[in-house]
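Work through the two exercises below with the model open in a viewer. Each task is followed by a solution in steps.

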Amino acid sequence: MTEFTQIKLDIADGIATVTLHRPEKMNAFTRIMMQEFIDALDVTDGDDSVRAVIVTGHGERAFCAGADLTPEGGGHVFSDPNTVDDLSDERVRDGGGRLTLRLFNSKKPLIGACNGVAVGVGATMQLPFDIRLCSENARFGFVFARRGITPEAASSWFLPRLVGMQTALEWCMTGRIFDANEALDRGLVRSIHPSDVLMDAAVGLAREIADNTSAVSVAMTRAMLWRLGASGHPMDAHRIDSRSIYRLSRSADAKEGIASFLEKRPPAYPDTVGENMPDFYPWWDEPEYR
């Protein structure tokens with residue numbers, strides 16, 4: 001398995017856990033962390049034993065304190081240090097966005113266990129997670145206007161879809177820090193837990209997916225809801241629904257789903273994401289940065 005220096009990746013019993021791990025910097029985000037997180041997602045997508053991915057931060061103080069404002073050796077903080085004239089140059093690309101786009105394309109469900117402070121990219125990287133839980137001491141902040149920059153990590157696309165435009169505008173224009181209760185009330189998180197049981201709650205959700213569902217069904221469902229929910233017309237969803245039901249209804253997993261239900265026993269789905277995704281997946285053309 002890939003060796004990591006700023007994250008940890010643990011895989012056991014069908015559940016992968018990615019832990020942001022920079023204890024001395026409250027798990028602050030760097031380009032190295034970005035690339036390691038992306039590499040970890042390549043591992044989890046490529047491992048058919050992994051049925052769900054939990055993401056958390058090391059310790060009880062912080063999930064991720066945002067971009068590292070005092071990087072080792074100095075250097076530019078928010079973007080590539082090189083000066084370029086062409087804004088379509090790859091070096092212009094935002095690191096947080098590179099990560100969230102990879103999270104968006106994950107074939108495995110993503111569960112966030114936010115264990116403390118999450119500001120800047122520490123908050124925006126959580127937006128592509130499918131389910132977000134947090135601890136009672138969690139604090140969030142979309143603080144970009146207070147740092148003289150703008151929202152990043154494609155959060156202008158994700159955040160209004162999760163919490164509505166008014167809340168997204170308020171949080172981003174004020175840049176204020178808000179607590180776990182407000183995050184729950186506005187729909188950013190699914191539930192709040194004492195710190196000592198946060199991971200147990202996240203594992204419980206992951207186990208429910210891993211033990212009871214078809215990996216192919218979950219991968220398709222994730223792609224369909226994230227992508228088709230932003231489509232311009234329900235016919236776009238109907239086309240993919242129809243193709244998906246037609247293909248998957250003839251699968252070994254569908255046979256097992258029916259048999260296990262009728263026989264009143266736990267399912268043992270044989271199909272895998274690596275081998276048995278329907279032949280029309282992916283049905284979209286991935287946009288390029290330009």
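**Exercise 1.** How many bridges join strand β7 to β10, and do the two run parallel or antiparallel? Place both strands in their sheet, then find the helix that packs on that sheet.

Solution. The model is predicted.

Step 1. Strand β7 covers residues 131-135 and is joined to β10 by three bridges; the two strands run parallel. C134 has I192 as its bridge partner in β10.

Step 2. The sheet is open and has six strands, ordered β1-β2-β3-β5-β7-β10, with mixed pairing. Pairing on one side only marks β1 (7-12) and β10 (191-193) as the edge strands. On average, neighbouring strands of this sheet are turned by 20° against each other, direction ignored.

Step 3. The helix is α7, residues 198-212, which touches β2 (15-20), β3 (52-57), β5 (110-114), β7 and β10. The direction of α7 makes about 170° with that of β5.

**Exercise 2.** Describe the second largest pocket by its volume, its lining residues and the classes of those residues.

Solution.

Step 1. The volume of this pocket is about 620 Å³.

Step 2. The lining consists of 20 residues, and those nearest the pocket centre are R93, G97, L101, E286 and P287.

Step 3. Sorted by element, α2 (95-104) and α4 (155-163) are those that give two or more residues to the lining. The most comes from α2, with five residues.

Step 4. Sorted by class, the lining has nine nonpolar, nine charged and two polar residues.

Note on methods
Residues are numbered from 1 along each chain as its sequence is written. This is a predicted model: local features need pLDDT of at least 70, side-chain atom pairs count only at pLDDT 80 or more; totals for chains, interfaces and linings use all residues. Side-chain values use heavy atoms; hydrogens and water are left out. Two strands pair if DSSP finds at least two bridges between them. Helices (H or I, at least four residues) and strands (E, at least two) are DSSP runs, numbered from the N terminus. Axes are lines fitted to C-alpha atoms, for helices over the stretch in contact, and angles run from 0 to 180 degrees between N-to-C directions. Contact means heavy atoms within 4.5 Å. On a 1 Å grid over the protein atoms alone, a cavity is a set of points where a 1.4 Å probe fits but cannot get out, and a pocket is an open set with protein on both sides within 12 Å along at least five of seven lines; lining residues have an atom within 4 Å of a point. Grid points are joined across faces, edges and corners, and a volume is the space filled by probe spheres set on the points. Ala, Val, Leu, Ile, Met, Phe, Trp, Tyr, Cys and Pro count as nonpolar, Asp, Glu, Lys and Arg as charged, and the others, Gly among them, as polar.
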